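Student: I would like to go through a protein model by question and answer. Could we take it one piece at a time?

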Amino acid sequence: MKRLVLSAALLILLTASFSPGAERIRIGYSSISGSYIGLWVAHDAGLFAREGLEDQLILIPSGSQLAQVTVAGEIDIGSFNGSSAMAAALQGADIKIIGNAANKMIFSLYVRPEIKAAEDLKGKKIGVTRFGSSTDISARYALRKHNLDPQKDVTILQMGAMSSIMSGLQGGSIEGGMVSPPTLFIVDRLGFKELINITDMDLAFPNPSLIAQGGIIRKKPDLVDKFMRAYARGIHRARTDRELALRSIAKYSKVDDSSFLNQAYDLYVGKVLEKAPYINRVGMQNALDDLAKTTPAAKTAKPEQFIDLRFLDNLEKSGLLKELYP
């Protein structure tokens, strides 16, 4: 934990560029995925600066690890799957979900060409980023839907990052892996086969959520309000300025293939990302039901105890959303 927090602090120092009078905000996100287009565009278009914020985007490639850093106060706003946030809260963490960037899982299970059907996965190794991550939850959900026991029929391995899942498929250390765009498009072009499309299953789920540490909510509510306004403008700018959004996706994903970038844009901006960080209660309950399989306290928990809606309410009352979407 100390090493992780130190690493986050180092990243903060490396990415900081201070402006006199600006209020610093540290924003963590957990993977290279189109789910974070709103954050990327808000940063690149100077929309956080417009709110008087000196924003620092920090990649910590694991929802469970980012949850720890957010709880520790090293991050002001964390963006990672809502399940990890609720799991931390059930263990006593002082954090709240203030919104969701998306309300569904966006993954596919890609496999090596010799695997033809779900039953062929028995005895095989499947790569996810981290246990408890969105990739892990999606993999177990997909396997159960195909009458496979994630605990007995396959071996699920932590690969650390989505790029490592792709490398594992290429190198043969795993037979299947959970990927999302734009990595998904690269894996597909490399000749691997989509076996199960979780996106098409339309699994309602808070993925990713926007999470604020309790101390930040109590001591700096104006900071959270400013973040929400900048984020809403970032999503709108992505919808109305395709070229800027494509440049942002290329910058953070390190993908320069225009076909991949445009596919990622059309999927996330066109079909996945919320116009504002609205919360789907069905998705929240789905996350709790999944947690209940391993966390007894989740069985009696309610979505409302993990949510703080005041900042989304303030966003709506401000008139900004009507201005952006008349």
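What follows is a set of questions on the two sheets, the helices packed on them, the core and some single residues.

Tutor: This is a predicted model, so local features need pLDDT of at least 70 and side-chain atom pairs count only at pLDDT 80 or more, while totals for chains, interfaces and linings use all residues. Residues are numbered from 1 along each chain as its sequence is written, and side-chain values use heavy atoms, with hydrogens and water left out.

Student: In the open sheet that contains E2, E1, E3, E10 and E4, which strands stand at the edges?

Tutor: Helices (H or I, at least four residues) and strands (E, at least two) are DSSP runs numbered from the N terminus, and two strands pair if DSSP finds at least two bridges between them. The order in this open sheet is E2-E1-E3-E10-E4, with mixed pairing. Each edge strand has a single partner strand, so one side of it is left without a neighbour in the sheet; the edges are E2 (53-59) and E4 (95-100).

Student: By how many degrees are neighbouring strands of this sheet turned against each other on average?

Tutor: Axes are lines fitted to C-alpha atoms, for helices over the stretch in contact, and angles run from 0 to 180 degrees between N-to-C directions. For this average the direction is ignored, and the value is 25 degrees.

Student: Which residue of E10 is the bridge partner of Ile97?

Tutor: E4 and E10 (residues 209-213) run antiparallel and are joined by 5 bridges. E3 and E10 also run antiparallel, over 4 bridges, and there Ile77 has Ala212 as its partner. For Ile97, the partner in E10 is Ile211.

Student: How many of the residues of E10 are buried?

Tutor: Buried means under 20% relative accessible area, exposed over 50%, and partly exposed in between (1.4 Å probe, protein chains only). Ser209, Ile211 and Gln213 point one way from E10 and Leu210 and Ala212 the other way, and all are buried. In a regular strand the side chains alternate between the two faces of the sheet. The count for E10 is 5 of 5.

Student: Which strands of the other sheet stand at its edges?

Tutor: The other open sheet has the order E7-E6-E8-E5-E9, again with mixed pairing. Its edge strands have a single partner strand each, so one side of each is left without a neighbour; they are E7 (155-158) and E9 (193-197).

Student: Which residue of E8 stands opposite Leu109?

Tutor: E5 (residues 108-111) and E8 (residues 176-179) pair in the antiparallel sense over 4 bridges. In that pairing Leu109 faces Met178.

Student: At about what angle does H7 run to E8?

Tutor: Helix H7 (residues 162-171) lies across E5, E6 and E8. Its angle to E8 is about 150 degrees.

Student: Is Asp136 buried or exposed?

Tutor: Asp136 sits in helix H6 (residues 134-145). Its side chain makes a polar contact (a pair of N or O atoms within 3.5 Å; within protein, one must be able to donate a hydrogen and the other to accept it, and residues adjacent in sequence count only if both atoms are side-chain atoms) of 2.8 Å with the side chain of Arg140. With a relative accessibility of 5%, Asp136 counts as buried.

Student: How do H2 and H12 lie to each other: roughly parallel or roughly perpendicular?

Tutor: Angles under 35 degrees count as roughly parallel, over 145 as roughly antiparallel, 65 to 115 as roughly perpendicular and the rest as oblique. H2 and H12 (residues 242-253) pack at about 105 degrees, with their axes 9 Å apart. H2 is therefore, relative to H12, roughly perpendicular.

Student: Which backbone oxygen does the side chain of Ser253 reach?

Tutor: Ser253 lies in H12 and, at 12% relative accessibility, counts as buried. At 2.5 Å, its side chain reaches the backbone oxygen of Ile249.

Student: Which helix gives the largest share of the largest nonpolar core?

Tutor: A nonpolar core is a set of buried Ala, Val, Leu, Ile, Met, Phe, Trp, Tyr and Cys residues joined through side-chain atoms within 4.5 Å. The largest one has 111 residues, and Ile37, Ile98, Leu121 and Phe227 have the most contacts inside it. The largest share, 9 residues, comes from helix H11 (residues 221-240).

Note on methods: Contact means heavy atoms within 4.5 Å.
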